[in-house]
Amino acid sequence: ETLDSQRAKSISKNDFFRLSRAIEVAEVMKQNSSENFSNDEKEGLLSQLRRPRGSNLIDDFEWITIHLVEDRMDLCKRIDKRCEDMIKLGLIQEVIKYFGGNKNRETMPALAIGYRQTIDYIEDDPTLSKIPPFINYLERFKISTRQYAKRQMTWFRTKHYMYPLVITGRTIEDISQNICQLTQTGDLKTNFEAPKDEKLSKKMKSYKSESFQFKTYEQILLFLEKTK
């Protein structure tokens, strides 16, 4: 806000990357980054902001970024339940309403996990009355979501400034106190090292989606009947 009050109003306080960029711009220009400049002036000033690939404002300050890690088995079960909850709460009806007969797959919503699988399902079974297509749809939805979560975890692990902290089975108060204690010791890499569980890794390779609300054919048929 001190560097550029006008720009600060347009950026969420939680948007780290846009805030970082705005600070960089304001520091280089030494005046409000909202001022109007010619293209040549902008190019000259912004060229000073270009950093080597992989480098950003985070390297200029002492940051502590903690990545909260949940037990993978528990996380997968939560994802399975969330997918079923989304369907129960009207995901199919939402897709029908917003896409209708013109299912444009090039739009961003159509490519999103959940929407994409739902569109495929409606095309496979326009009557919304057959059990096999629904079971297949549910499984693909869950698998895609779990795969996305795994990619997120992999991305977090590649960031040298992110420290993992296992939170499974712990209260918010306990986690908060633990973070304060660990950050005060200084040895972050050791304190936040996520334990490796070889047995869990083997279990995850054979993990199968868990059903919560669609355990029987009767439950599926009843749901499909209400969905029509």
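Visitor: Is Thr 145 buried or exposed?
Guide: Before reading any residue, note that this is a predicted model, in which local features need pLDDT of at least 70, side-chain atom pairs count only at pLDDT 80 or more, and totals for chains, interfaces and linings use all residues. Residues are numbered from 1 along each chain as its sequence is written, and side-chain values use heavy atoms, with hydrogens and water left out. The word buried stands for under 20% relative accessible area, exposed for over 50%, and partly exposed for what lies in between (1.4 Å probe, protein chains only). Since the relative accessibility of Thr 145 is 12%, this residue counts as buried.

Visitor: Which residues is Thr 145 in contact with, leaving aside its neighbours within four places in sequence?
Guide: Thr 145 is found in helix α8, where helices (H or I, at least four residues), like strands (E, at least two), are DSSP runs numbered from the N terminus. Contact means heavy atoms within 4.5 Å. With the neighbours within four places in sequence set aside, the partners of Thr 145 are Ile 79, Arg 82, Cys 83 and Ile 113.

Visitor: What is the highest mean pLDDT among the elements of the protein chain?
Guide: The predictor's confidence in each residue is its pLDDT, on a scale from 0 to 100, and the protein chain averages 79, with 72% of the residues scoring at least 70. Where pLDDT is low, the predicted coordinates should not be read in detail. Among the elements, helix α3 (residues 39-47) has the lowest mean, 56, whereas α4 has the highest, 94.

Visitor: Which helix supplies the largest share of the largest nonpolar core?
Guide: A nonpolar core is a set of buried Ala, Val, Leu, Ile, Met, Phe, Trp, Tyr and Cys residues joined through side-chain atoms within 4.5 Å. The largest one here has 23 residues, and Ile 87, Ile 92, Tyr 121 and Phe 134 have the most contacts inside it. At least two residues of this core come from each of α4 (72-88), α5 (91-99), α7 (115-124), α8 (131-158) and α12 (217-227). The largest share, six residues, is supplied by α8.

Visitor: Where does Leu 128 lie?
Guide: Leu 128 is one of the residues that Tyr 121 touches when residues up to four places away in sequence are not counted, and at 6% relative accessibility Leu 128 counts as buried. Its phi is near 50°, a positive value in a residue other than glycine, while most residues other than glycine have a negative phi. Along the chain, Leu 128 lies in the loop between α7 and α8.

Visitor: How many residues apart in sequence are the parts that Arg 146 and Asp 80 tie together?
Guide: A salt bridge is a side-chain nitrogen of Lys or Arg within 4 Å of a carboxyl oxygen of Asp or Glu, and the side chains of Arg 146 and Asp 80 meet in one at 2.8 Å, N to O. Because Arg 146 lies in helix α8 and Asp 80 in helix α4, the pair ties together parts whose separation in sequence is 66 residues.

Visitor: Which residue meets Glu 84 in a salt bridge?
Guide: Side chains of opposite charge can pair when their charged atoms come close. In the salt bridge of Glu 84, the N to O distance is 2.7 Å, and the partner is Lys 142.

Visitor: What distance separates the C-alpha atoms of Cys 76 and Arg 146?
Guide: Cys 76 has its place in helix α4 and counts as buried at 9% relative accessibility, and Arg 146 is buried too, with a relative accessible area of 14%. Although their positions lie 70 residues apart along the chain, their C-alpha atoms are separated by 6.4 Å.
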